[in-house]
Amino acid sequence: MTPSTASLATRTVSRIGYGAMQLQHLRDRRGEAVALLRRAVELGVDHVDTAEFYGFGFANDVIREALRPEDGVLVVTKVGADPDPGGPLPLRLAQRPEQLRASVEGNLRSLGTDRLPVVNLRRLDSGPGLRADGDQIVDLDDQLAAMTALRDEGKIGAIGLSGVTLDGLRRALPAGIVCVQNAYSLVSRADEDMLRLCAAEGIAWVPFFPLGGAFPGRPKVTGDPAVQSVAASLGVTPSRIGLAWLLHHAPNVLLIPGTADPAHLEANMTVGEITLDAAALATLDAVESRSDEAPIG
């Protein structure tokens, strides 16, 4: 079995946390959303990933209602985009320093706290998704200056990065980066060098889109024949194999799978119990990595 905990900022947390984006599917069933998050805590989740733009603030509202100080849950949020209910996409970019500050203040209000333990700066330099243009193209150093000022003021505890390049991470290291969130999965491993740098620097690697397939036409872990073969041999689903491989691949990997379904939540929480022997790991490691770079919008 793989180690069950790893470091994030100044904390030791379970390597399987919860990503709150899927809570927005329960907007009309708030009680179920709160109950789901309470169940996650009961199952051992002590790391929740969120953003103000998840469900136009709904995810943060549920977290504020469901989580209690005695639960000891590390809530990680992100800035770089804000909710945009009337726009063509559910969010708008907010990359400028003054917007980052305003986004931190918004998260403080919606989460009902005076300090955010970890805040990820969502860049748009790599991976699938939007790209910045116009006044939203902002130098990383200017953004880090704003983030470190917020940290110095005590409004945030630690800084993470998301959607960042290897060179960007190297530039940011002096600021004291505690985690990196990039798109990464068994079938899309372009950031392998960055993962190694994070491991060497004691930085948590928190992949989003851990099963690939973020957008139409992108590679999916569950569709790979090798993944399907290993899953069949172990009697588990391909998605669980994809998550288990991430835990085996590097000790600094933290997972934040999201779901709105209690049964799916329970299945995710047992991924760490899956043992991949040398043969299974060799089979999975040999899977070809494919690009997941194309932007949308």
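This report walks through the main sheet, two of the helices, one buried serine and the aromatic pairs of a predicted model.

Residues count from 1 along each chain as its sequence is written. Since the model is predicted, local features need pLDDT of at least 70 and side-chain atom pairs count only at pLDDT 80 or more, while totals for chains, interfaces and linings use all residues; side-chain values use heavy atoms, with hydrogens and water left out.

**The sheet**

Let's start with the strands. Seven of them line up in an open, parallel sheet, in the order β3-β4-β5-β8-β9-β10-β11. Helices (H or I, at least four residues) and strands (E, at least two) are DSSP runs numbered from the N terminus, and two strands pair if DSSP finds at least two bridges between them. At the edges sit β3 (18–19) and β11 (204–205), each with pairing on one side only.

Strand β8 (residues 116–122) has β5 (residues 74–79) as a parallel partner, over 4 bridges. Val79 has Leu121 of β8 as its bridge partner, and Lys78 has Asn120. With β9 (residues 156–162), β8 shares 6 bridges, again parallel; here Val119 is matched with Ile159. As for cover, 6 of the 7 residues of β8 are buried, where buried means under 20% relative accessible area, exposed over 50% and partly exposed in between (1.4 Å probe, protein chains only).

**Helices α4 and α6**

Getting from β8 to β9 takes you over α4 (residues 140–152), and the three make a right-handed β-α-β unit. Right-handed means that, with the strands pointing away from the viewer, the path from the first strand over the helix to the second runs clockwise. Does the length of α4 agree with or depart from what its 13 residues should span? It agrees: the expected span, at 1.5 Å a residue, is 18 Å, and the end C-alpha atoms are 18 Å apart. (That expected span is 1.5 Å times one less than the number of residues.)

Asp139 caps the N-terminal end of α4, with a side-chain oxygen 2.9 Å from the backbone nitrogen of Asp141. Just past the helix, Gly154 takes a positive phi of about 85 degrees. Buried residues of α4 include Leu140, Leu144, Met147 and Leu150. The buried set packs against several elements, among them β5, β8, β9 and β10 (177–181), with contact meaning heavy atoms within 4.5 Å.

Helix α6 (residues 192–201) buries Glu192, Met194, Leu195, Leu197 and Cys198, and these pack against α5, β10, β11 and α8 (238–249). Gly202, just after α6, has a positive phi of about 70 degrees.

**A buried serine**

Ser14 belongs to strand β2 (residues 11–14). Its relative accessibility is 15%, so Ser14 counts as buried. Leaving out residues up to four places away in sequence, Ser14 touches Ser4, Thr5, Gly44, Asp46 and Leu254.

**Aromatic pairs**

The whole structure holds 4 aromatic pairs. Rings of Phe, Tyr and Trp (its six-membered ring) pair if their centres lie within 6.5 Å; planes under 30 degrees apart count as stacked, over 60 as edge-to-face and the rest as tilted. Two of the pairs are these:

| Pair | Centre to centre | Angle between planes | Type |
|---|---|---|---|
| Tyr184 and Trp245 | 6.4 Å | 25 degrees | stacked |
| Phe208 and Phe209 | 4.9 Å | 80 degrees | edge-to-face |

Tyr184 is in the loop between β10 and α6 and Trp245 is in α8, so their pair ties together parts 61 residues apart in sequence. Both Tyr184 and Trp245 are buried, and together with Trp205 they form one aromatic cluster. Phe208, at 14% relative accessibility, counts as buried, whereas Phe209 is partly exposed at 28%.

Note on methods:
Polar contact = N/O pair within 3.5 Å; in protein donor to acceptor, adjacent residues only side chain to side chain.
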